[in-house]
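Open the structure in your viewer and set it to a cartoon view. This tour says what to select at each stop and what is there.

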Amino acid sequence: MGRGFAIAAAVAHDVTRIVAREAEIHGYTSFWVNDTPGADGLAALAAAAEVTEHIRLGVGVVALDRRSPESIAEDVARLNLPQDRLWLGVGSGADRKGLSLVRNGVEVLHQSVTAPIIVGALGPKMSALAGEASEGVLFNWLTPSFAETAGTWVTDAAAEHGKPRPALIAFVRCALLPQAEARLEQESGRYGSYPKYAAHFQRMGVDARGTTVNSDRADVLQAGIAAHEAVLDEVVVRAITADDSAESILELLRACAPPAGGE
């Protein structure tokens with residue numbers, strides 16, 4: 001598939017438009033935002049859709065313990081999101097019955113939208129559900145070796161249920177140093193403190209920062225991204241920058257841009 005670029009939905013929409021347009025110009029195949037309380041990922045994608053023509057637009061992911069699948073489908077229609085370009089990511093959030101919540105949510109969304117549904121997954125059970133019920137999986141905070149392992153959970157489940165092979169997608173945190181050092185440490189520490197992510201890092205045998213790609217050199221960033229691309233269909237450069245200005249984000253976007261001609 002290709003290489004995507006992602007920012008937070010909380011980034012100002014005028015900056016989102018600039019970054020999305022530049023991502024398309026620089027050859028990225030997808031542009032993503034997250035979705036958090038107070039920062040609507042679908043609204044951010046609508047801003048990106050205004051200034052792009054062909055790049056895929058992904059939200060990773062809308063938590064189904066905060067928003068019902070019916071309300072998500074309504075917003076996709078209300079915002080006139082281009083479903084032929086949309087990757088609609090959903091996840092369990094903090095719900096303890098996450099598997100049933102996601103299974104039901106995917107089923108409802110398949111009846112309501114035409115866009116592919118992408119399931120956010122960390123462990124083997126949710127990965128298997130993604131393989132069984134959705135068009136793709138979105139991994140997060142993982143090493144290339146673990147991505148390969150997790151990919152088999154998805155593809156084996158798809159084969160077992162006679163389903164087409166889902167797209168294997170991952171957010172890979174990338175940072176230019178030294179300018180993004182403080183934010184990289186903050187972000188790594190925050191995720192490392194969440195119980196389900198702490199268990200995820202323990203399962204891999206690394207800390208949060210150990211899953212990131214960071215350097216003061218573009219060639220090192222490119223090599224780190226390429227290691228993930230060897231085992232995934234779409235590697236999404238999840239930007240960690242000193243601040244949320246267009247200038248800071250575009251500096252990383254250009255350093256991590258796909259090589260010309262896909263080489």
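## A tour from the whole fold to single side chains

**The whole chain.** Start with everything selected, and keep in mind that this is a predicted model. The secondary structure comes to 10 helices and 9 strands. Along its principal axes, the C-alpha trace spans about 45 × 40 × 35 Å. A compact globule of 263 residues would have a radius of gyration near 18 Å, and the protein agrees with this at 17 Å. Colour by accessibility if your viewer allows it: 56% of the 263 residues count as buried. Contacts can also be sorted by how far apart the partners are in sequence. Among contacts between residues at least 6 apart, 77% join residues at least 24 apart.

**Strand S6.** Now select residues 136-140, which form strand S6. How many of the residues of S6 are buried? The count is 5 of 5, so the strand is mostly covered, a residue being buried when its relative accessible area is under 20%. Turn the strand to look at each face. On one side are Gly136, Leu138 and Asn140, on the other Val137 and Phe139, and all of these are buried.

**The neighbours of S6.** Add strand S5, residues 117-120, to the selection. S5 and S6 pair in the parallel sense over 3 bridges. To find one of these places, show Ile118, whose bridge partner in S6 is Gly136. Follow the chain from S5 to S6: it passes through H5, and this β-α-β crossover is right-handed.

Next add strand S7, residues 167-176, which also pairs with S6 in the parallel sense, over 5 bridges. Here Asn140 stands opposite Phe171 in S7. The way from S6 to S7 leads through helix H6, residues 144-160, and this β-α-β crossover is right-handed too.

**A buried threonine.** Go to helix H1, residues 13-25, and select Thr16. Is Thr16 buried or exposed? Its relative accessibility is 0%, so Thr16 counts as buried. Show what surrounds it. Leaving aside neighbours within four places in sequence, Thr16 is in contact with Ile7, Val11, Phe31, Ala44 and Ala48.

**A salt-bridge network.** Switch to side chains with charges. The whole structure holds 15 salt bridges. Select Asp40, Arg67, Asp75 and Arg78, which are linked in a network of salt bridges. Within this group, look at Asp75, which takes part in two of the pairs described here.

- Arg67 and Asp75: the closest N and O atoms are 2.4 Å apart. Arg67 is buried, with a relative accessible area of 15%, and Asp75 is buried as well, at 13%.
- Arg78 and Asp75: this salt bridge has an N to O distance of 3.2 Å. Both residues lie in helix H3, residues 69-78, and are 3 residues apart, about one turn of the helix. Arg78 is exposed, with a relative accessible area of 56%.

Asp75 therefore joins a buried arginine, Arg67, and an exposed one, Arg78.

**A salt bridge between two helices.** Move to Glu132 and Arg103. Their side chains meet in a salt bridge, 2.7 Å from N to O. The pair links distant parts of the chain: Glu132 is in helix H5, residues 124-133, and Arg103 is in helix H4, residues 98-112, with their positions 29 residues apart in sequence. H5 is also the helix passed on the way from S5 to S6. At 36% relative accessibility, Arg103 counts as partly exposed.

**Two cysteines.** For the last stop, select Cys174 and Cys256 and show their sulfur atoms. A disulfide is a covalent bond between the sulfur atoms of two cysteines. Why is there no such bond between Cys174 and Cys256? The sulfur of Cys174 is 4.7 Å from that of Cys256, its closest cysteine sulfur, and this is too far for a bond. The cut-off is 2.5 Å. Seen from the other end, the closest cysteine sulfur to Cys256 is the one in Cys174. By this rule the structure has 0 disulfides. Both residues are out of reach of the surface probe for the most part: Cys174 is buried at 1% relative accessibility, and Cys256 is buried at 0%.

How values were computed:
Residues are numbered from 1 along each chain as its sequence is written. This is a predicted model: local features need pLDDT of at least 70, side-chain atom pairs count only at pLDDT 80 or more; totals for chains, interfaces and linings use all residues. Side-chain values use heavy atoms; hydrogens and water are left out. Buried means under 20% relative accessible area, exposed over 50%, partly exposed in between (1.4 Å probe, protein chains only). Helices (H or I, at least four residues) and strands (E, at least two) are DSSP runs, numbered from the N terminus. Contact means heavy atoms within 4.5 Å. A salt bridge is a side-chain nitrogen of Lys or Arg within 4 Å of a carboxyl oxygen of Asp or Glu. Two strands pair if DSSP finds at least two bridges between them. A crossover is right-handed if, with the strands pointing away from the viewer, the path from the first strand over the helix to the second runs clockwise. The radius of gyration is taken over C-alpha atoms; the globule rule is 2.2 Å times the number of residues to the power 0.38.
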